[in-house]
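Open the model in your viewer and show it as a cartoon. Each stop below gives a selection and says what is there.

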Amino acid sequence: MELAVETRALGKRYGRTWALRDCALQVPAGRIAALVGPNGAGKTTLLHLAVGLLRPDAGEVRVFGRDPRDGPSVLADIGFVAQDTPVYRDFTPAELITMGGKLNRRRWDAALARDRLAALGIPPDKPAGKLSGGQRAQVALALALAKRPRLLLLDEPIASLDPLARREFMQALMGAVAESETTVLLSSHLLADLERSCDYLIVLQTARVQLTGAVDELVDAHRTLVGPRAGSESIAGVAEVVRASHTERQSTLLVRRDPAVPIDPLWTEHEVTLEDLVLAHLAAAEPRVTAAAWGVPA
Ligand code: ATP
């Protein structure tokens, strides 16, 4: 299995605080991977390490087997859109596309960027500073895709988009990626939007990796169980109780299943969503992280 991103014991420290610590993860090539976690968890730090903007204080990061700080030939394979989609505001999209071509002489698909922006109705001759935040995000994505990167790193690309634009953005991203076999690693707080489009998950919590793996495997490995009020006794078919909530008579548990043993029929089983799963693991690790903190109903 080819790995687009691999980290081993990766750490980055600001003063005495570790922004990322002991981070071991793998993103297989060809995946659309979601990087999620609360504010300050270390998502931006990880992306900056992967694109070589930061130097690790511990461990290592590899992009397609190479250190991203090895030079231009590694960076030519990486597209990166930073948080707040910074584009030069005095330049028009058309000028930005021309500039991208001059900066990326090896491989630059200007037609792809122009066609994308035309399809989205974004005026090519209006300064980027006069476009809406969402339109600027689309311009930044079009420029990143025009580089035809093998790995595309996106830091909260959909935060400024309205719900419809978010869905369109993610669909466009999936389409573009399917055509080009690009691997994507994108950070976001919008779990529901990620569920439809991402097939790999990395959850960071206070500088550490909390959960990682293929989305379908993680979802399949977990269940919500509803049944009689439970104590600390073990339940047949349950490998781990990730999160429990109780009323007087009833308990609701988000569990990791033991695939070899059927769940005790006293319990009613429900499939979990990606959102259930992420929130349960974050809440288990850090009680202050509630559904409300993520802007979703509990
Ligand atoms: P958010 O969701 O809010 O964007 P994040 O998960 O991207 O957060 P990071 O920006 O990676 O989090 O920050 C991780 C930790 O590192 C935080 O505690 C943050 O305060 C700290 N940090 C990040 N950049 C710096 C810096 N330049 N100087 C000092 N501390 C920093």
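Select Ser-245 and, in strand 12, Thr-252: in this predicted model, the two stand opposite each other. Now add His-246. The bridge partner of His-246 in strand 12 is Ser-251. Widen the selection to both strands. Strand 11 and strand 12 (residues 250-257) run antiparallel and are joined by seven bridges. Follow the chain from one to the other: a hairpin of three residues makes the connection.

Stay on these two strands and show the side chains of Glu-240 and Arg-256. They form a salt bridge, with the closest N and O atoms 3.2 Å apart. Glu-240 belongs to strand 11 and Arg-256 to strand 12, so the pair ties together parts that are 16 residues apart in sequence. Both ends are partly exposed: Glu-240 has 36% relative accessibility, and Arg-256 has a relative accessible area of 26%.

**The four-stranded sheet**

Zoom out to the sheet around this hairpin. It is open, has four strands in the order 11-12-10-13, and pairs them antiparallel. Colour the edges next. Strand 11 (238-246) and strand 13 (268-271) each have a single partner strand, so one side of each lacks a neighbour in the sheet. From one strand to the next, the twist averages 30°. Then select helix 9 (residues 274-285). Helix 9 packs on this sheet and touches strand 10 (222-228), strand 11 and strand 12. The direction of helix 9 makes about 85° with that of strand 11.

**The six-stranded sheet**

Which sheet comes next? Select the open sheet of six strands, ordered 5-6-7-3-8-9, with mixed pairing. Its edges are strand 5 (78-81) and strand 9 (208-214); each has a single partner strand, so one side of each is left without a neighbour in the sheet. Here the twist averages 15° from one strand to the next.

Pick the pair at the start of that order. Strand 5 and strand 6 are parallel, paired over four bridges. For a landmark, label Gly-79, which stands opposite Leu-152 in strand 6.

Now bring in the helices. Helix 1 (residues 43-50) lies across strand 3 (32-36), strand 5, strand 6, strand 7 (183-187) and strand 8 (200-205). Helix 1 runs at about 150° to strand 6. Helix 9 appears again here, packing on the sheet and touching strand 3, strand 8 and strand 9. The direction of helix 9 makes about 25° with that of strand 8.

**Glu-156**

Select Glu-156, in the loop between strand 6 (151-155) and helix 6 (163-180). Does a buried or an exposed acid sit here, and what is the nearest side chain of opposite charge? Glu-156 is buried and has no salt bridge; the nearest such side chain is Lys-43, 4.9 Å away. A salt bridge would need N and O within 4 Å. Draw a distance to His-189 instead: the side chains of Glu-156 and His-189 share a polar contact of 3.4 Å. Then show the surroundings. Leaving out residues up to four places away in sequence, Glu-156 touches Lys-43, Gln-83, Ser-187, Ser-188 and His-189.

**Salt bridges**

How many salt bridges does a search of the whole structure find? The count is 15.

Select Asp-109 and Arg-148. Their side chains meet in a salt bridge, 2.9 Å from N to O. The pair links distant parts of the chain, 39 residues apart. Asp-109 is in the loop between helix 3 (93-103) and helix 4 (110-119), while Arg-148 is in the loop between helix 5 (133-146) and strand 6. Asp-109 is partly exposed at 21% relative accessibility, and Arg-148 is partly exposed at 33%.

Move to Glu-60 and Arg-62, a salt bridge with its closest N and O atoms 3.2 Å apart. Glu-60 counts as partly exposed at 24% relative accessibility, as does Arg-62 at 23%.

Finish this group with Glu-2, Asp-77, Arg-107 and Arg-150. Salt bridges link them in a network.

**Two backbone stops**

Show the backbone of Asp-22, in strand 2 (residues 17-28). Its phi is near 55°, a positive value in a residue other than glycine.

Last, select Phe-64, in the loop between strand 4 (58-63) and helix 2 (72-75). Phi of Phe-64 is also positive, near 50°. Phe-64 counts as buried, at 15% relative accessibility.

Methods:
Residues are numbered from 1 along each chain as its sequence is written. This is a predicted model: local features need pLDDT of at least 70, side-chain atom pairs count only at pLDDT 80 or more; totals for chains, interfaces and linings use all residues. Side-chain values use heavy atoms; hydrogens and water are left out. Buried means under 20% relative accessible area, exposed over 50%, partly exposed in between (1.4 Å probe, protein chains only). Lys and Arg count as positive and Asp and Glu as negative; His and the chain ends are not counted. A polar contact is a pair of N or O atoms within 3.5 Å; within protein, one must be able to donate a hydrogen and the other to accept it, and residues adjacent in sequence count only if both atoms are side-chain atoms. Contact means heavy atoms within 4.5 Å. Two strands pair if DSSP finds at least two bridges between them. Axes are lines fitted to C-alpha atoms, for helices over the stretch in contact, and angles run from 0 to 180 degrees between N-to-C directions.
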